[in-house]
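Colleague: I am new to this structure and should be grateful for a guided discussion. May I put some questions to you once it is before us?

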Amino acid sequence: MSAVIANNTYWMNNMSNPKIWTHKGTFLLAAVGSAVGLGNLWRFPYLAGENGGGAFILVYALTIAAVGIPILIAETLLGRASRKSPIMGMKDLISANNSHPAWKTIGWMGALAAFIILSFYSVIAGWAIHYSGLMFSGSLSGASAEVISSGFDELLASPGLLVLYHSIFMGVSILIVGMGIHKGIENGLRFMMPALFIILMVVVIYGAIEGDLSAALNFLFTFNIEDLSLEGWLDAMGQSFFTLSLGMGAIMAYGAYMSPESSLTRTAISIAIVDTLIALLAGVAIFSLVFGQGLEAGQGPGLMFVTLPLAFADLPGGGMLGGVFFVLVIGAALTSAISLVEPVAGYFIEQFKISRPKAVALMGGGCWLLGLLTVFSFNIWSSGTITHDLFGKSPFDVLEFMTNIMMPLGGVLIALFVGWSLSRDMVKAQMMTTAIWLSCWQVLVRYIAPTAVTFVFLRTLLPEGTGYYLPTLGAVVIVASFAIPHKFRSQD
Ligand code: PHE
């Protein structure tokens, strides 16, 4: 009875409160929308393909459980405790807890990472627009491997086409967020998420019928640890951050609108399970089709844009199904992109008191401009730029590399801030959980997650051949530097 009353009160309060999701379950829907994206459909299958399937998936699943879920809980907690955009929210939490101002980095770096990621995410999602058109029009049916792979090269070589698709994708993302969190984001998600799930199921069933399901299952679930290189291990960890949308303020921004009654733990576990299941289902569908046509799994980023279209090209109804599959990719990318617009736009609204449409246009316009660096990296700037001279990488590679650093760094900082700097009362009030789980989670967030992530982080940054000692030492020293002073300061 009291739950019903609480629920009704929640409802009545929220109908008029533009700052909280309309329904208790909307945060889950929105966070799953953010989590499921190009990371699941494009990046996960190609990384698994490059890194020996089952072994990669095992490490990936372990990282999600031991590092991803605890940090996901922590990031949502920060959002709900502050009820503001990540930058402003961190400011408030810092003053409420008397924390060091340096923790503001979490908000600023998150916003910067969101800005950069959206700029290239939009360009890549644009490729899917191109491919859905090609598939539906039937122009790839029966095409040879050479034709399809040179078609992809031609797309990348055309700045005009890439800018066009990038603009369409960014425009739609801005439109949705510009309409507000209820009318735009919530309504959009309520329609898109079930549709995406149905399409995925259709593609999985089609893959099972027309492709080689047992080869796909074998590849994905046969665990062979020798197949996994150190790089694969690092990839698995990076992927678990990317796929759960961690460390970029996206989850924190959505968490700011979360119902005060929802359980952080249960919600985070649900997000991680659904996200992982969808990645696996996408992997099953893609590899069934690819193996069914006798093609290779380890094609890298071209797996979805070259190998998969080739598999569809020779199958009955392949054009139609292929088109539908790429619509799924576009939709999933869109529900992720809107979660990248929100944290920065939210900041503009709070800081400069400008209207939502203006704030969103500012964020989207800036990202669109930055996205041009990625567009040109594939053609007119594929060599001879300053970044090539300095780092031997294209501007896109440099942007991607920067986010690969910011994501784990943001994740560690979130874990450490919530683990060591937030008051225990605030944490308890948000967690609303048993003492045992609270302690377990605290161990994960204070020690396990930061040590694991810092290790991987240092291992990636230090030159090849450094071995394991230095990164291990570094990780232990950094975590100890939070733990030891804390022991002298308080008793909790
Ligand atoms: N999680 C999204 C994906 O898997 C990417 C993303 C990262 C979205 C960070 C928002 C924030 O595609």
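Colleague: Does Lys84 count as buried, partly exposed or exposed, and what is its relative accessibility?

Modeller: Please note that this is a predicted model. Buried means under 20% relative accessible area and exposed means over 50%, with partly exposed in between. The value for Lys84 is 30%, so Lys84 counts as partly exposed, at a relative accessibility of 30%.

Colleague: Which residue forms a salt bridge with Lys84?

Modeller: The structure holds three salt bridges. In the one that involves Lys84, the closest N and O atoms are 2.8 Å apart. The partner counts as partly exposed, at 32% relative accessibility. That partner is Asp92.

Colleague: In which helix do Glu186 and Arg190 both lie?

Modeller: The side chains of Glu186 and Arg190 meet in a salt bridge, at 2.6 Å from N to O. Glu186 counts as buried at 1% relative accessibility, whereas Arg190 counts as partly exposed at 38%. The two residues are four apart in sequence, about one turn of the helix, and that helix is helix 9 (residues 181-210).

Colleague: How many residues apart are Arg356 and Glu342?

Modeller: The side chains of Arg356 and Glu342 meet in a salt bridge of 3.0 Å, N to O. This pair links distant parts of the chain, with Arg356 in helix 16 (residues 356-377) and Glu342 in helix 15 (residues 318-352); the separation is 14 residues.

Colleague: Is Glu342 buried or exposed?

Modeller: Its partner Arg356 has 17% relative accessibility and counts as buried. For Glu342 the relative accessible area is 2%. Because buried means under 20%, Glu342 is buried.

Colleague: Which helix gives the largest nonpolar core its largest share of residues?

Modeller: The largest nonpolar core has 169 residues, and those with the most contacts inside it are Phe325 and Trp441. The largest share of this core is 18 residues, and it comes from helix 6 (residues 105-136).

Colleague: Why is helix 6 described as largely enclosed by the rest of the structure, and how many of its residues are buried?

Modeller: Helix 6 has 32 residues, which at 1.5 Å a residue should span 46 Å; its end C-alpha atoms are 46 Å apart, in agreement. Helix 6 is largely enclosed because, of its 32 residues, the number buried is 25.

Colleague: How many disulfides does the structure hold?

Modeller: Two cysteines may be noted here. Cys367 is buried, with a relative accessible area of 0%, while Cys440 counts as partly exposed at 37%. A disulfide would need a pair of cysteine sulfur atoms within 2.5 Å. The number of disulfides in the structure is zero.

Terms used:
Residues numbered from 1 in each chain as written. Predicted model: local features only at pLDDT ≥ 70, side-chain atom pairs only at ≥ 80, totals over all residues. Heavy atoms only, no water. Core = buried A, V, L, I, M, F, W, Y, C linked by side-chain atoms within 4.5 Å. Buried < 20%, exposed > 50% of the residue type's maximum accessible area, 1.4 Å probe, protein only. Expected span 1.5 Å × (residues − 1). Salt bridge = Lys/Arg side-chain N within 4 Å of Asp/Glu carboxyl O.
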